[in-house]
Amino acid sequence: MTEFYRNYLAVAVFIGAALLMVGAMLGAGRLLRPTRPTDEKLIPYEAGSDPVLGFGQSNVRYYVYALLFVMFDVEAVFIFPWAVQLETLGTFGLIEMVIFIVILALGLVYAWRKGVLRWA
Amino acid sequence: MILGASAPFSPIDTPSIAWLAIAPVIALAAAGILVVMARALLRGRPAAGAVATGLAILGIGAAGGLLAWQWFHVRDHGPISTMTDMVRTDPFAVYLGILVVAATAAAVFLSITYLRTEGLEGPEYLALVLLSAAGMLAMTSANDLVVVFVALEVLSIPLYVLAAFDRRRLGSQEAGIKYFVLGAFASALLLYGIALVYGATGTTSLTGIAEFLTARRVFEDGTLLAGIVLLIVGLGFKVSSAPFHQWTPDVYQGAPSPVTAFMSSATKVAGFAAFLRVFLVAFPVYRSDWRPVIMALAVASLVVGTFAAVVQTDLKRMLAYSSISHAGYILVAFAAAGTDDVQAASRGLQAALLYLLTYTFMTIGAFGVVTVVGRRTHDGRHGLSQYRGLARREPVLAGFLTFFLLAQAGVPFTGGFVAKLQVFASAVDAQEYWLAIVAVLSTVVAAFFYLRVTVVLFGADDVAGAHDEAGSDEAASRSPRSRRWIDVPAGAVLVVSVVLVVWSGVFPGFFLDFARDAGSLLALP
């Protein structure tokens, strides 16, 4: 067995230990605790909020906001390291980033004109 | 200037960019963005649709013109290598790029009337086609596994949406979801393969991998071989070769017909561009390991594609299986291109490239006819009974379809014949006689199902069992929506395809030279 594969042995041991530990903890709990279910205890949220009726868990219309969020999230991921290295990247880097931001902004303009930012 | 004061100012060496090399990709991507903007800003104005279509055609035309410029530039001055050799524009890339742009133009022209009759008009369709085509163009000139992967994603993600574009039709939704789930899985396998190859060789550059492997022997090459296998699986999925073809019939059948035309032609060209380049450029040292796998894929694709096509009762499904068998022929030529005999290898590459050219136009033509015929039934029904007696109702369309099916079967005086002949000859040159025999035999079987459809086209309407469909078809043809005409853009696509397929069949010299020039300068070892 080479050094390369031996390094992965630690990962295998770790996975085994993790499975064992979780199994032991949940198994022990299962053996020790009394089981007396009632309707109240079986609902998902013990806080008492109803998971089915009303607004539901989350409104499907939020997906648009999630998409727009991802857009700006990705933008931020690129902008932070770029900003740190702005001076060394020079004009080339500046133009590149402007093009990148403009393309993303066009996406926002499209979403806006499409009316997805209006809730009603 | 606190940063500048503490750390010495040293500009990062930005890679030099040869703009000509990436200009066609930029043209398509820019056209895609402009199309979206035009429709977003002109929303509600009557001219918006025309402006979007015009911009799309302009972008495709610009990309085509730039590719023609590239062709002559590359021929006279040699390949352009740019972005630290991650992109390499050589004749191989330009040739396949021209095919991609031609297929994109066809997809746009076929869809103009289709989208209107189906009520699917919107900038999104054109924008997605253009962005996908930009990814395909990037793929043809990718000289780095990372560029291959990024290009693959750029071309795939719009296609997932396009497959599901007809949201009201259940089949289209199913096609989109299926293609997305399986395609994402295949992409993940490809990425894992890239990671393993990088782990074994320390580089993702195709030429870099080749240099590494020729310079030294890798003794424990388990990681590298596993990476090569995963690359074969990922790319084999994209070119829909058996046994990674399961998605093809469902997706081709469910997707809107112009999208199917685009997927079956342009995607296959781009997929084979990456497939051929990765293996012929990066892994020639390991040819004795991957060539048998390619041959196995070729035989599996030929057998599965042909025999499954025989029993299909839906024309789109049948054409999907026939496209799987076409992938088999290209893989036969690919296996021939992988030999260490330089003469036979270049012959094989030439055959593969020529086959891709004729296949592109044959399949665009066939799915073009399907698009026009499908308009009568909202693109929902493509059973063979639907096409029974088409020759009497719509003789022109039936004539086109017959021609493209016969060309795909490999009838002499069509491009299909010359392309198939080249493939067989290349397999013989590479001394893989049994591969040539399998290919010839599957051509014989394939002729059966192509001819069967032709017989159906010219058959009588009132054959037992076809009454129901024929009756509802009459009803459909009475409704005002389904007038019997071939719109001008779709008709132009069909006519151009016929001309090219006949030309490449009767006077193949020009196309053979074109394919040879394209293949000869791929840096074969």
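**View 1. A:Val11 sits in helix α1 of chain A**. This is a predicted model. Helix α1 spans residues 3-32. A:Val11 is partly exposed, with a relative accessible area of 43%. A:Val11 helps to make a nonpolar surface patch of about 640 Å². The other members are A:Phe4, A:Tyr5, A:Tyr8, A:Ile15 and A:Leu19.

**View 2. Chain A has four helices and zero strands**. Along the sequence the pattern reads α-α-α-α. The chain has 120 residues, and 9% of them count as buried. Its accessible surface comes to about 10,100 Å². Carbon and sulfur atoms account for 72% of that surface. Among contacts between residues at least 6 apart in sequence, 55% join residues at least 24 apart.

**View 3. Four arginines gather in a patch of positive charge on the surface**. Chain A gives A:Arg113 and A:Arg118. Chain B gives B:Arg43 and B:Arg45. A:Arg118 lies in the segment after α4 (86-113) of chain A. A:Arg118 counts as exposed because its relative accessibility is 66%, and the cut-off for exposed is over 50%.

**View 4. B:Glu432 forms a salt bridge with B:Arg291**. Their closest N and O atoms are 2.9 Å apart. The pair links distant parts of the chain, 141 residues apart. B:Glu432 is in the loop between α17 (415-429) and α18 (433-458) of chain B. B:Arg291 is in helix α12 (residues 287-310). Both partners are buried: B:Glu432 has 14% relative accessibility, and B:Arg291 has 12%.

**View 5. B:Arg347 forms a salt bridge with B:Asp429**. The closest N and O atoms are 2.7 Å apart. This pair also links distant parts of chain B, with the two positions 82 residues apart. B:Arg347 belongs to helix α14 (residues 342-374), and B:Asp429 to helix α17. B:Arg347 is partly exposed at 26% relative accessibility. B:Asp429 is partly exposed too, at 34%.

**View 6. B:Asp513 and B:Arg516 form a salt bridge within helix α21 of chain B**. Their closest N and O atoms are 3.3 Å apart. Helix α21 covers residues 509-520. The two residues are three apart in this helix, so about one helical turn separates them. B:Asp513 is partly exposed, with a relative accessible area of 37%. B:Arg516 is partly exposed at 42%.

**View 7. Four residues of chain B are linked in a network of salt bridges**. They are B:Glu174, B:Lys178, B:Asp250 and B:Arg317. Over all chains, the structure holds 13 salt bridges.

Definitions and conventions
Residues are numbered from 1 along each chain as its sequence is written. Chains are lettered from A and ligands numbered from 1 in the order in which they are written. This is a predicted model: local features need pLDDT of at least 70, side-chain atom pairs count only at pLDDT 80 or more; totals for chains, interfaces and linings use all residues. Side-chain values use heavy atoms; hydrogens and water are left out. Patches are made of residues with over 30% relative accessible area and no salt bridge: like charges are joined within 9 Å, nonpolar side chains (Val, Leu, Ile, Met, Phe, Trp, Tyr) within 5 Å. Accessible areas come from the Shrake-Rupley method with a 1.4 Å probe; for residues, only the protein chains shown count as cover. A salt bridge is a side-chain nitrogen of Lys or Arg within 4 Å of a carboxyl oxygen of Asp or Glu. Lys and Arg count as positive and Asp and Glu as negative; His and the chain ends are not counted. The place of a charge is taken as NZ of Lys, CZ of Arg, CG of Asp or CD of Glu. Buried means under 20% relative accessible area, exposed over 50%, partly exposed in between (1.4 Å probe, protein chains only). Contact means heavy atoms within 4.5 Å.
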